[in-house]
Amino acid sequence: MFSGDDASYMARALRLAERGLMTAAPNPRVGCVLVSAGEVVGEGWHERAGQPHAEIHALQQAGAQASGATAYVTLEPCCHQGRTPPCTQALIAAGITRVVAAMEDPNPHVAGKGLNALRAAGIEAAAGLLADAAEQLNAGFVMRMRQGRPRVRCKLAMSVDGRTAMASGESRWITGDAARDDVHRLRGRSDAIMTGIGTVLADDPSLTLRIDGQHEDARQPLRVILDSKLRIPPGAKLLDLPGETLIITGVADAENEARLTRTGVRIAMLPLQHGQLDLAAVLQHLGTLQINEVHLEAGATLCGAMLQAGLVDELVIYMAPHLMGDAARGLFALPGLEQMAQRVKLTITDIRAVGDDWRITANIEK
């Protein structure tokens with residue numbers, strides 16, 4: 001069904017889509033390439049929600065040359081009116097004769113309807129070319145559309161002997177500058193950075209994105225603090241930093257809520273289970289806020305609880321070349337693991353050097 005040239009043009013569209021990695025949310029990252037008589041006549045990518053989609057940028061660049069062209073797009077063109085008009089109508093009006101999509105859109109408002117609308121207009125339309133790469137690029141969006149919750153990436157830093165902090169809590173810095181810069185790239189592609197109140201009380205973190213010149217238009221991810229008893233101190237550093245902060249709690253405390261909301265903090269109240277927040281409900285709530293990717297940076301208790309609840313989808317572990325000893329703190333609190341059969345199984349997808357450290361990326365087997 002698809003030729004080598006088709007794959008080459010779709011690969012180009014995927015590279016274009018990656019340019020929206022830090023800016024397109026909550027929309028998916030999408031790229032589009034228009035080809036006529038073997039020549040690229042237009043290309044584009046979706047930059048920001050509310051702005052033109054990738055297909056529209058490509059059509060504008062192509063102009064009259066779009067007539068009779070093939071459109072390679074990394075996600076099925078939309079067919080519904082959202083903040084922008086349907087892309088299917090624009091493709092039809094421009095005289096596109098063939099559309100190749102990497103994957104169907106998991107959004108129930110589209111879900112095959114876009115391709116059917118193109119076919120009804122006499123346009124040859126198919127999907128499935130480099131679909132795995134396209135889904136990986138938008139794994140969080142796909143999960144939110146299908147499961148109602150964002151995808152969770154848990155980031156950790158450890159020594160070779162698996163320790164994250166000394167017994168005293170001292171942890172700065174386990175890894176080197178290159179690894180810490182790499183973490184900011186992961187933060188930049190995320191819609192939210194989540195931690196627990198224990199980390200806030202112990203470390204007073206900023207949870208902000210340090211932006212370099214290449215991504216100066218990237219937005220600050222939403223800071224999400226899980227604080228079941230609303231214990232966050234008024235002097236917490238993150239309350240005064242750029243970007244938004246959402247505190248998810250399980251208690252009503254009118255005085256504290258008023259104090260926090262005056263500083264611009266958003267507060268959401270969710271039911272407690274056995275005195276703790278229901279972590280699945282937390283993610284479902286974030287899904288309603290159109291959060292596609294959550295970057296979890298927390299202590300062993302919250303990371304372990306998320307892992308045991310089956311809510312961590314990917315681990316990114318930075319391993320530094322030193323030893324911290326058996327009295328230092330471990331990666332996860334995982335009570336109840338007593339037999340080899342109870343091990344949490346991982347599929348390692350990537351291992352690479354980052355400066356003097358190693359980055360291990362793994363999916364959780366479920």
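**Figure 1. Glu314, a buried residue of strand E15 in the predicted model**. We start our tour at Glu314, which counts as buried because its relative accessibility is 13%, under the 20% cut-off. Glu314 belongs to strand E15, which spans residues 314–320. Setting aside residues up to four places away in sequence, Glu314 touches Arg151, Val152, Arg153 and Cys154, and also Thr361, Ala362, Asn363 and Ile364. Keep Glu314 in mind for a later panel, as this residue is among the closest to the centre of the second largest pocket.

**Figure 2. Strand E18 and its two antiparallel partners, E15 and E17**. Here the view moves to E18 (357–364). Six of the eight residues of E18 are buried, so this strand is largely enclosed by the rest of the structure. E15 pairs with E18 in the antiparallel sense over six bridges, and Leu315 stands opposite Ala362 of E18. E17 (346–354) is also antiparallel to E18, with eight bridges joining the two. For a landmark in that pairing, look for Ile351, whose bridge partner in E18 is Ile360. The hairpin of E17 and E18 has two residues between the strands, and Gly355 there takes a positive phi near 65°.

**Figure 3. The second largest pocket, with a volume of about 820 Å³**. Among the 25 residues that line this pocket, Gln136, Leu186, Arg189, Glu314 and Arg359 are the closest to its centre. Two or more lining residues come from each of helices H5 (131–137), H6 (139–147) and H7, and from each of strands E6, E15, E17 and E18. Which classes of residue make up the lining of the second largest pocket? There are 11 charged residues, eight nonpolar and six polar.

**Figure 4. The largest pocket, holding about 1,500 Å³ of space**. This pocket is lined by 49 residues, and those closest to its centre are Thr199, Asp203, Glu297, Ala298 and Gly299. Helices H7 (177–188), H8 (197–203) and H11 (300–308) each give two or more residues to the lining, as do strands E6 (151–159), E7 (163–165), E13 (276–277) and E16 (329–330). The lining of the largest pocket divides into 21 nonpolar, 15 polar and 13 charged residues. Readers coming from the previous panel will recognise E6 and H7, which also supply residues to the lining of the second largest pocket.

**Figure 5. The largest cavity, about 60 Å³ of space**. How many cavities of 30 Å³ or more does the structure hold? There is one. Lining the largest cavity are Leu21, Ala25, Asn27, Arg29, Asn138, Phe141, Arg189, Asp191, Asn292 and Glu293. By class, these are three nonpolar, three polar and four charged residues. Arg189 is a useful point of reference here, since you can find it both in this lining and among the residues closest to the centre of the second largest pocket.

**Figure 6. Gln61 of helix H2 and its contacts with Val41, Gly42 and Glu43**. For the last close-up, we turn to Gln61, found in helix H2 (residues 54–62). Leaving aside neighbours within four places in sequence, Gln61 is in contact with Val41, Gly42 and Glu43. Gln61 and Glu43 are 18 residues apart along the chain, and their C-alpha atoms are separated by 6.8 Å. A polar atom of the Gln61 side chain lies 3.2 Å from the backbone nitrogen of Glu43.

How values were computed: Residues numbered from 1 in each chain as written. Predicted model: local features only at pLDDT ≥ 70, side-chain atom pairs only at ≥ 80, totals over all residues. Heavy atoms only, no water. 1 Å grid on protein atoms, 1.4 Å probe; cavity = no way out; pocket = protein on both sides within 12 Å on 5 of 7 lines; lining within 4 Å. Points joined across faces, edges and corners; volume = space filled by probe spheres on them. Helix = DSSP H or I, 4+ residues; strand = E, 2+ residues; numbered from the N terminus. Nonpolar A, V, L, I, M, F, W, Y, C, P; charged D, E, K, R; others polar. Buried < 20%, exposed > 50% of the residue type's maximum accessible area, 1.4 Å probe, protein only. Pairing = 2+ DSSP bridges. Contact = heavy atoms within 4.5 Å. Polar contact = N/O pair within 3.5 Å; in protein donor to acceptor, adjacent residues only side chain to side chain.
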